[in-house]
Amino acid sequence: MTDRPLAVSAPGAAPGAAPGPAPAAGPAVRESPAGNATKAPRPGRRPATGRRSPLARGGWTPWLYLAPALVVIGGLLVYPVYQLGLISFLEYTQAQVSGGEPTSFQGFGNYATLFRDEQFWQVLLATVVFASACVVSTLAVGCALAVLLTRVRAVPRLALMLAALGAWATPAVTGSTVWLLLFDPDFGPVNRALGLGDHSWTYGRYSAFALVLLEVVWCSFPFVMVTVYAGIRAVPSEVLEAASLDGASQWRIWRSVLAPMLRPILVVVTIQSVIWDFKVFTQIYVMTNGGGIAGQNLVLNVYAYQKAFASSQYGLGSAIGVVMLLILLAVTLVYLRLLRRQGEEL
Amino acid sequence: MRNLVRRSVRRPWRLAAEVSALLIAAVVAFPLYWMVLSAFKPAGEIESSEPRPWTLSPSLDSFRRVFGQQEFGRYFLNSLVVAVTVVAVSALIAFLAATAVTRFRFRFRTTLLIMFLVAQMVPVEALTIPLFFQMRDFGQLNTLGALILPHIAFSLPFAIWMLRGFVKAVPEALEEAAHIDGASRTRFLWQILFPLVFPGLVATSVFSFISAWNDFLFAKSFIISDTSQSTLPMALLVFYKPDDPDWGGVMAGSTVMTIPVLIFFVLVQRRLVSGLGGAVKD
């Protein structure tokens, strides 16, 4: 697949004369995400400028600019992904790592072991439920507070903004220990304030998850709030004035004017939240002391870590990693589809 | 727009909104307040079963204990070296790459963009296992390199994706003008484009800084024998033993660990808000 048709034909293409100039893109456009559908200028998109920028006549220059990024990403991200897949098919434990025994190809052996393990399904379910709860709560709190920010004067706005930036800036390890102290059965202020006596939050499975969820929401809602707030601020005031002059109610303005304009932002923050919350490691690890009593608070990440580094079953740990990778790739595909439907140009 | 919204909100509602905004701010800030407060409480008071939201005799004992811990200063410096290197190197590399994918048309451009997007979704935690062996083969285990290198790679796709909007926003006419005035491409890149894109670089660097400064998993997995190469999260855990935590030490350490990030955030605050707006609007 090539991008050349766009570059070559763009100058001649009038804004209305849709897909004509890209015959090569033809039928493959729908199926392959890699081919991408934005080859031809579409009606309604920014009209192409008559000239190309002087930078654009690059030859090898763009590749020169890209080289450092490609080397680093290739070597430290793409190659490890390949290795992860590879190790997941091997018998790879302490014996093989130290060279005592040869590595042997297992086929889907690790996966079979994993899928037969009841604990794996329990952890998978817990991960999905826990991460979803985190995403939904983070988005709800973040969006609600972003709207609140637009309704208040400078002082309360600054106060809330600074408090949120403080929570955002707090490192995960510190946030985890501080929240543990807040909810400590003996020395924490929360139990005193709520009159809970020496109720231990980390003892029960659900209350431990709930505590971690509170911490995760606390440190991740600021990203949503600040981003959505910045998005609302970026909506041109004329648009809102026009709507209001036409007699639209506040609610109507939100629903019919702001919400559609904010959609790209909402998609971004949702996806980022999904990615972050599915990968929560530090909070669970620190707050539940490595996955809770008898592993009751394990999520996939911590589970993989425990399998690989605590019990040296690197092959099995990698198989769990692959499962996570596949889940997140599925999310990516949904994301790409959403972007595509919006006609986002890459 | 703010005017319009404000005018149409009736007075009692606005008051209620402002009061709740202040209350929420207090709740959100409370954990941080408690952290700093506990760090300054004298040893006996923090382990009182009637915790008070103030202290009558602030003490520096916990901080002394933390800094008396061998090599805490070293850990702090290590964390700083890791975070600053990751931020600087990934900002530079991402700037070049973002320029390439927005300012040039070339084969596989779209494919690359999609690759960067997909790369963001890779759960880096799952890569701990292969990276462990890779770092071992590079001889990077137990060195800061094992923390720096992967974080540069992980922050790049997001940084490139985010910077793209900023580079795009610089009008091409500017480039043509520079070209006509005889500026070379390199000169345009560094003397015109770079300063214009700088706010975007700042917003982007917040994310890479946080990910590097926060890193817990890699420090835990890759720095296994030479603890002088460890970072702050590990130092903190010296004081946090789940059965018998030294809360004063943990909170003092947490305070020390949080302050640099807070300073950084307050410094970039305005650029961050406008930066996020600019990047996602695109």
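**Exercise 1. Classify A:Arg153 by its accessibility and describe the salt bridge in which this residue takes part.**

*Solution.*
Step 1. In this predicted model, A:Arg153 has a relative accessible area of 38%. Partly exposed residues fall between the limits of 20% and 50%, so A:Arg153 is partly exposed.

Step 2. The partner of A:Arg153 is B:Glu18, and the closest N and O atoms of the pair are 2.9 Å apart. The cut-off for a salt bridge is 4 Å, and the pair is therefore counted as one.

Step 3. This pair crosses between chains. B:Glu18 belongs to helix 2 (residues 11-40) of chain B, whereas A:Arg153 sits in the loop between helix 6 (118-151) and helix 7 (154-169) of chain A.

Step 4. B:Glu18 has a relative accessibility of 8% and counts as buried. The bridge thus joins a buried residue of chain B to a partly exposed residue of chain A.

**Exercise 2. Characterise the interface between chain B and chain A in terms of contacts, area, polar pairs and residue classes.**

*Solution.*
Step 1. Begin with the contacts: 118 residues of chain B touch 122 residues of chain A.

Step 2. Turn to the area. About 10,800 Å² is buried between the two chains, and carbon and sulfur atoms give 75% of this area.

Step 3. Consider the charged and polar pairs. The rule finds one salt bridge across the interface, and it finds eight residue pairs in polar contact, both residues being at pLDDT 80 or more.

Step 4. Sort the residues on the side of chain B that touches chain A: 79 are nonpolar, 18 polar and 21 charged.

**Exercise 3. Describe the overall architecture of chain B: its secondary structure, extent, burial and contacts.**

*Solution.*
Step 1. Chain B has 13 helices and zero strands.

Step 2. The C-alpha atoms fill a box of roughly 70 × 65 × 35 Å along the principal axes.

Step 3. Of the 282 residues in chain B, 59% count as buried. The accessible surface of chain B is about 11,700 Å², with 64% belonging to carbon and sulfur atoms.

Step 4. Take the contacts in chain B with a separation of 6 or more: residues 24 or more positions apart account for 73% of them.

**Exercise 4. Locate the salt bridge between B:Asp246 and B:Arg65, and set beside it the one between B:Arg136 and B:Asp137.**

*Solution.*
Step 1. The side chains of B:Asp246 and B:Arg65 meet at 2.8 Å, N to O.

Step 2. This pair links distant parts of the chain, its members being 181 residues apart. B:Asp246 lies in the loop between helix 12 and helix 13 (247-281), while B:Arg65 is in helix 4 (residues 61-68).

Step 3. Both members are partly exposed: B:Asp246 has a relative accessibility of 24%, and B:Arg65 has 34%.

Step 4. For B:Arg136 and B:Asp137, the closest N and O atoms are 3.7 Å apart. B:Arg136 is partly exposed at 34% relative accessibility, whereas B:Asp137 is exposed at 58%.

Step 5. Over all chains, the structure holds six salt bridges.

**Exercise 5. Determine the positions and surroundings of B:Ala98 and B:Ser228.**

*Solution.*
Step 1. B:Ala98 is in helix 5 of chain B. Its relative accessible area is 0%, which places B:Ala98 among the buried residues.

Step 2. Apart from neighbours within four places in sequence, B:Ala98 is in contact with B:Ile160, B:Leu163, B:Arg164 and B:Val167.

Step 3. B:Ser228 occupies the loop between helix 11 (217-222) and helix 12 (232-239). With a relative accessible area of 13%, B:Ser228 is buried.

Step 4. Under the same exclusion of neighbours within four places, B:Ser228 is in contact with B:Glu71, B:Arg74, B:Tyr75 and B:Asn78.

**Exercise 6. Examine the positive phi angles of A:Ser312 and B:Phe108.**

*Solution.*
Step 1. A:Ser312 is not a glycine, yet its phi is about 55 degrees. This residue lies in the loop between helix 14 (300-310) and helix 15 (314-341) of chain A, and it counts as buried at 14% relative accessibility.

Step 2. B:Phe108, also not a glycine, has a phi of about 70 degrees. B:Phe108 is in the loop between helix 5 (72-103) and helix 6 (109-121) of chain B, and counts as partly exposed at 37% relative accessibility.

Definitions and conventions. Residues numbered from 1 in each chain as written. Chains lettered and ligands numbered in written order. Heavy atoms only, no water. Contact = heavy atoms within 4.5 Å. Buried area = accessible area lost by both parts, 1.4 Å probe. Polar contact = N/O pair within 3.5 Å; in protein donor to acceptor, adjacent residues only side chain to side chain. Nonpolar A, V, L, I, M, F, W, Y, C, P; charged D, E, K, R; others polar. Helix = DSSP H or I, 4+ residues; strand = E, 2+ residues; numbered from the N terminus. Buried < 20%, exposed > 50% of the residue type's maximum accessible area, 1.4 Å probe, protein only. Areas by Shrake-Rupley, 256 points an atom, 1.4 Å probe, with all protein chains shown as cover.
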